[in-house]
Every structure is written in C-alpha cells, then in structure tokens.
Amino acid sequence: MRGLDRIRKQRSSSLLSGYLLIIVSALLFIPVVLPLSFAVYNMVNEATKGAPPVDTSLYSNIAALENMWHKEALHLENASTEAINERLHELSRKYTETTMFWVDGQGMTQLILTPDEGDPDKIYSGVPDQWTAAEAIYFMKESTKLDPLAIVAFMGDKVEAGKGFMVMQIPRKLLNKGAYGGVGAWAWYYFVLFALFGGFALVSLLFFRKIRKRLLQLQTAMTITGPDRMPKSIATGKPDEIGRLEEAFNTMVAKLDASRKRELEEEELRKRLVSNLSHDLRTPLTVIRSHIHVMTKENLTPQGQQSLQLMDKRIADLSVLIENLLSYNLLNSGRITLKRERKDVLRLLRESAAAWYPVWEKENFEIDIDLEAEPLFWMVDEVWFRRILDNLFQNIVRHASSGLYVGISTESRNGQRVIMITDHGRGIQSPSDYKGVGLGLSIVDLLMKHMELEWDMESTGVGTSVVIFIPHDEI
C-alpha cells in the first residue's frame, strides 16, 4: 500500500502532469473563457459607456416603432394633404432625431421633415421630388443596409389604396447601444485573445525557467567540489522527476563520502601498520645479520660459507625493501618535507657513482661514465636526489646484472641538458630473480614529482635507459 501511495504521489507531482494541466487550462478558453469574457464585456461596456446626447429610449424597440408607424398610416388613409402634413409635424416633434417624409399617389414628394430642418446650412437632398419606379426600387435596396433604418408604410396600410406611402428613417447611432463610449466588441475580443495567449506563454516560460534553474543548480553541484575534492549535497525541491534526481544525487554523495572516509581510515591504518612493521622488523634483522657475521668466522664447510653469504645477501635485500617501504609510506602520507636548493646535479651524480663503484667492480660491471665538466644546476633536495640515484643504481645491480654494463652520461635533447643512466640488461619486462612490486621505482616517481622533475624509461630487450630532465615550463 505504501508503494502505491508513493507512485500516486509521484504521478501527482510529475512535471509532465503539471505541464499537461497548463495546456488543458489554456484550451478551456474556447468553450469557457470566451463566453465568460463577453459576459464581462457587457458589464464593462454598460459601466464605461457614456450617456447618449439624446434620449434613445424612444428608438430602442424597433417593433413598437413599426407598429406605431403602420397605425398612423392606417388612420391617414382618407386624410387630406394638410391633415397628413400636420400629423407628421406632430410626430416629428416627438421623434426629433428621425427623418420623415411622405409621397402621394402620383409619386410626388409632399413633405420632408429632418432633424436639421431649422439649420439653413443643412439642406436635405436625399429624397427626389418626383418618384419613378427605378428610384423607388433603388430606395428600397439602400434601405436594406439599415443605415439609416427605414420604416415604410402605405397610406391606409395597404398597397391597393393608391394613396402613396410614408417613411420614417432612424439613424443607426440611435440603435447601437455601445455607440456612446464603452469598449468595442472587436477590441475586447482581441484583448481577450492576447491576454489568454500571453498568459499561456508567460506561465510556460515560468514553468520551464524554474526547471532550468533547478537543473543548473544540480549541474553546479556536480562540477564544484569542496576542499576534500568531493561534491556537496544540495537542498531538494518538489518531489517531481528533478526532485527525485536531486535525492539520488544526495544519496550518491553520501555513499561517496562514506566510501572516502573508509578509504582514508584504511589508508591511515595501512600506513601505521607499515610504519610499525618497518620499525619492528629492523631490530631482529640486525641481530640476525650480526650472528651470521659471527658464524662466518667459524670453521664451516665451503657449502656452509656459501649458504651464510646467500642468507646475508637476502637479509640485506630485505632490509633495503623495508627501508623503501618505510620511505614510500612517509612520502605518500606527506610527512616528509623536501628542501629544494640550487645544486649541481652532476657533482651529486659523480659522488653517488663513486659510492657504487666498488659494488659494480665486484659484480664485474663495465662502467662507462661520460659527464661534462660544465655544472648543471637544478632545484633539488640533495639527500632525496641521492636516494633517487641509489634506487636506480640498485635496480641495475639487481635486475640488469646479466648485461654487466652501467652507463652514466649527459645529452642535449630538445634544447636542454638531460641525465641518462643506461644498462644492457634484458629489459624491465623480463623475469628476474629479484623482481618485486616495483617499490623502488615508485619511490623514484614520488620524489621526482616532489622535486618537479620529469623522467622517462626507455626499455627494450637489450637494455634500459632512464632519462631525467626538467620540464620545459620550469626552465
């Protein structure tokens, strides 16, 4: 049940359902909003229109006007010309905004009464003096345009009476309720359409702008890390698709943080273990080597003497391995600070080679040292640069003894002087009786990085060359 409730909640807060709601709301303007808008239009129009210059109540009911006009025509069937004129004058004084005239049975216009009758500058000339059949048809045709509205009645209210006809014309402005101010229908229609489409565009813009803002916030959280080089958690928003993505991101950050803490704890434990083991193993190894040295003075068989020498060599190698392990642990943990100074590295190279010279002679190595007399100054830590050289020379003795060659020289590459240490062994990839995990070279790599030096190893089946140089941006 909880799973179903969660699914329903996710659907109700979905971005898709939210935007579909916006679209459906926008589509409702056709059957719902438009009729409501015109209802509002009527109310607004009634409230905003100005008062008409004349009383339009007399002209509001066209059917009543037609009935009145036909009754007057019926009563004037047998009236004289003077009586008809008098009656039309009476009606004109009541309906002051209309034009009235009548035509007798012979087609002669007898009387014309207009709203501007008292103004000499306004002479009404729309009615002919003598009516023909064509003029009558034209008049009826123009009357269908309703501007003005013409009400025509035959005298006696019937054609066969032959007494002529009478006409009352009502201006269109008296019939248009919105003609005196207010808002026009078309203007209101366009205003409503513009407001609806503008509102839809605005709501859509705000909807997608909010989505974009949340996505940019999530992108920023993914790319910016803290001092521990880990991303930070973010505040989650609504429980929609982006909200669930934010929760997943926070979960991932929490797992990464926990994994990072476990890794740091394990690394710290490993470093302490290596440090303790290194110190604990040195003492018994020293004791063992001292007893081996004592036993070599005893009268032993040649085979026994050879076994003691092999044991002493292996213990010496183990001591070097422990020393490398402790150095690597200290370097990797950052507990050793290198003091870089401007030193002549060629002098240090000669001194280290001189220290290893007896070892190479004992192993019958061919020694080829070709160093320039001109000094080569680099910013190095003297003690640890000697350690780099010792590790490289030791690798030659342990792993390249088959070649019986060691070469130390300087060359010019890409416009700068470099140091080269070469052997003629079987290459770094070949098997060796002393091959380990490469701890000595790992120490070399760490020390090179700390002293901002670069090194390349070029190894083939006929030898290995180590090139030490300064990066171009450090020159």
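The questions and answers below concern a predicted model and a sheet within it.

In this predicted model, local features need pLDDT of at least 70 and side-chain atom pairs count only at pLDDT 80 or more, whereas totals for chains, interfaces and linings use all residues. Residues are numbered from 1 along each chain as its sequence is written, and side-chain values use heavy atoms, with hydrogens and water left out.

Reader: What percentage of the residues of the protein count as buried?
Author: Buried means under 20% relative accessible area, computed with a 1.4 Å probe and protein chains only. Of the 475 residues, the share that counts as buried is 33%.

Reader: Which strands stand at the edges of the open sheet of 4 strands?
Author: Strands here are DSSP runs of E of at least two residues, numbered from the N terminus, and two of them pair if DSSP finds at least two bridges between them. The sheet has the order β2-β1-β4-β3 with antiparallel pairing. Because each edge strand has a single partner, one side of each is left without a neighbour in the sheet, and these strands are β2 (109–113) and β3 (149–154).

Reader: Over how many bridges do β3 and β4 pair?
Author: Ala150 stands opposite Gln169 in β4. Strand β4 covers residues 165–170, and its antiparallel pairing with β3 runs over 6 bridges.

Reader: What angle does the direction of helix α4 make with that of β3?
Author: Helix α4 (residues 62–75) packs on the sheet and touches β1 (99–103), β3 and β4, where contact means heavy atoms within 4.5 Å. Axes are lines fitted to C-alpha atoms, for helices over the stretch in contact, and angles run from 0 to 180 degrees between N-to-C directions. For α4 and β3 the angle is about 30 degrees.

Notes:
Buried means under 20% relative accessible area, exposed over 50%, partly exposed in between (1.4 Å probe, protein chains only).
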